[in-house]
Amino acid sequence: MTQINATQTIDIGIGGMTCASCVARVEKALNKVPGVTSATVNLATESARIAVADPELTDARLRRVIRDAGYEPRSMETAEAEANNHSPWAGFAPVAWGLALSAPLVLPMLGGLWGQHWMLPAWLQFALATPVQFILGARFYKAGWHALKALTGNMDLLVSLGTTAGWLLSVWLWLTASGHHAPHLYFEGSAVVITLVLLGKWLEARAKRQTTEAIRALHALRPDKAHWMGEDGEVDVPVDEILSGDLIVVRPGERFPLDGELVEGQTQVDESMLTGEPLPVSKAVGAQLTGGSINGDGRVRMRVTAVGHETVLSRIIRLVEDAQAAKAPIQRLVDKVAEVFVPVVLLVALLTLAVWMFQGANFETALIHAVAVLVIACPCALGLATPVAIMAGTGVAAKHGILIKDAQALETAHRVQTVAFDKTGTLTVGQPRLTHQVAATGQDMAQALGWAASVQSGSEHPLARAVVVAAKAQGLGVSAPIDLTAVPGRGVQATVEGRTLLLGSLRWLQQEGMDEHLWASDVIALQAQGATLSALAERTAMGVQGLLLMAFGDEPKAGAAEALAALRARGLKLVMISGDNQAAAEAMARRLGLRPEDGEVLADVLPGDKAAKVQQLRSGGRIVAMVGDGVNDAPALAAADVGLAMGNGTDVAMHAAGITLMRGDVALVGAALDISARTVAKIRQNLFWAFAYNVAGIPLAALGYLNPVIAGGAMALSSVSVMGNALLLKRWKPRD
């Protein structure tokens, strides 16, 4: 429980929710409680976040309300423990039992296709089907009963009604049959329906567990231990025991455990988890350090300035949690229709029974016709329509490098109107390269580059590596420098081939005596493009002479411009979000084919503001997709209607997004939107055929033209057609 101004926020885990109507029911019950200002229930995380203004309102009271609504309140620790179960087969046992018990019941039906009569004895069918019906299917009875009490209908109620009708009819025919012939029973239909629906529920639960991985990945960025400077020297203590103002030591290669200020030493810090930018940042005494970022090669001492919920990393975690909690659960078309479909089917079945008896038919005949209505209405195809299409669509997408782990993202992606892109690592390569070289008058550019590479040959700095790579690409020789001296935050001085060379920032070289007007026009032009500048100079008896100006920058990914053009051709609005200054961002945008003059560039955006920018893009009801790859993109990915993460990015971004582009290829964005459209089309077709069988079959069954055997066959045929239609998705390939 956390205090937010005068309002308390209480998080409670909830078990037993199966669909969007469950979410609405719990929210309605909680919002009725006096003192509750708002209640948001998240089906994915199976939890409720409740804002309470009354300090007298207890956690226990809210838990009782949830239980009275028909669901199981759980501690968040229990919910997290279940979510942390990484086994892909967790919870599969009921499905396995259902498959094992249903298989013998289905074999005789399959044998009949080849003229074989493998009918099991009625008692054995009863023994196999009854545990499936009442033990494995108990969850449907419970959820269906709560739906009835709330005067609503859902898939659970349909499953329990249809399968119970088939089971009761089978028992009736078995017990009333004469000894001269074996009656046709319907145990296999009921058992198979329950097993298939359980399989769909398991697949849904498996996907739900993945939604909490974003939070776990963010927490993993913070070390468990810190090297605390106490009275007895350096001591390893849990991070939770560190207080603001404490001194801690961070060794090379370690993550900074908390936010703080550098008080001793100097280092390079990889802050890409926050900024998304690949270049390490130089840190000297007085610099601010952020928890979760990675220390370079210096051993430093820092003073802690923020702990617990006040750290930058904790705020990012909160942003992701809030963005996930704010997402409305999927309003399943099937659940909406079921609210009308269930009472209609019940009414038709009762009318069928009454009309047939009124016309003089005996009770058994009237009952068979009434049960035929319930059997033909049994929602086997209805239950399969969505999950089978989703399974087929996600399967074929994975083969082409598109990992879809969120059904909501799959169903929403085809309606996207605006696509927002993070710049670094998403539209660009994410690695600095030597993009421009300008030699001083009278200097040989290749020779100067070779000297620069020699000076940098022993450094691991990304810009140094870029110089060495560029020199080797031109076949230039790189020798080891002599008397190498580093000038922190400025550059290096070394002797190469008898020359005293300086390599570093323009400001430093100018302070050392290099002509301030050298390369003036080039510097202005390159800085306008957002390039990082460095220069090579030689210390001579005449002073410091400039040799080579070098500009470093990122490059657009291969094919990115073409991929963006293809998205524009679909009628989509494109936006690039960058932390660069306006000039640099616009320069890169134009290289990518974007149009800054049309508002397609959002520059100077701080990491924590990306989610807010996405929310602005969503204003007016526009459907927005966000494409990113860094930890700083995670809140924005979660805030968008559809989050797409580049597979070459961080795990956090991948977990926060509903869709991961496994190759990091921008062209896969369009392919993901395409497979979404194809899959949703299949879902709609499947629902149409599922309902078509019911709409056509129910009147025929009520009029006596369909007996339960034919009704069961029609039900099976509807399932086959739905599955066959969904499997056509396997032919899908991304557009060239």
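**D674.** I looked up D674 in this predicted model and found D674 in helix 26, which covers residues 667-702. Is D674 buried or exposed? D674 counts as buried because its relative accessibility is 5%, and the cut-off for buried is under 20%. Next I asked which residues D674 is in contact with, leaving aside its neighbours within four places in sequence. The answer is R570, W732 and R735.

**Helix 17.** I then turned to helix 17, residues 445-456. I checked the length of helix 17: at 1.5 Å a residue, its twelve residues should span 16 Å, and the end C-alpha atoms are 16 Å apart, which agrees. How many of the twelve residues of helix 17 are buried? Nine are, so helix 17 is largely enclosed by the rest of the structure. The buried residues in helix 17 include A448, L449, G450 and W451, and V455 and Q456 are also among them. I also looked at the N-terminal end of helix 17, which D444 caps. A side-chain oxygen of D444 lies 3.2 Å from the backbone nitrogen of A446.

**The open sheet.** My last stop was an open sheet of six strands, with antiparallel pairing. I noted the strand order as 7-6-8-14-9-12. Which strands stand at the edges? They are strand 7 (233-238) and strand 12 (288-289). Each has a single partner strand, so one side of each is left without a neighbour in the sheet. Further in, I followed strand 9 (residues 259-264) and strand 14 (residues 300-306), which pair in the antiparallel sense over five bridges. Where strand 14 holds M302, L262 stands opposite.

Technical notes: Residues are numbered from 1 along each chain as its sequence is written. This is a predicted model: local features need pLDDT of at least 70, side-chain atom pairs count only at pLDDT 80 or more; totals for chains, interfaces and linings use all residues. Side-chain values use heavy atoms; hydrogens and water are left out. Helices (H or I, at least four residues) and strands (E, at least two) are DSSP runs, numbered from the N terminus. Buried means under 20% relative accessible area, exposed over 50%, partly exposed in between (1.4 Å probe, protein chains only). Contact means heavy atoms within 4.5 Å. Two strands pair if DSSP finds at least two bridges between them. The expected span of a helix is 1.5 Å times one less than its number of residues. A polar contact is a pair of N or O atoms within 3.5 Å; within protein, one must be able to donate a hydrogen and the other to accept it, and residues adjacent in sequence count only if both atoms are side-chain atoms.
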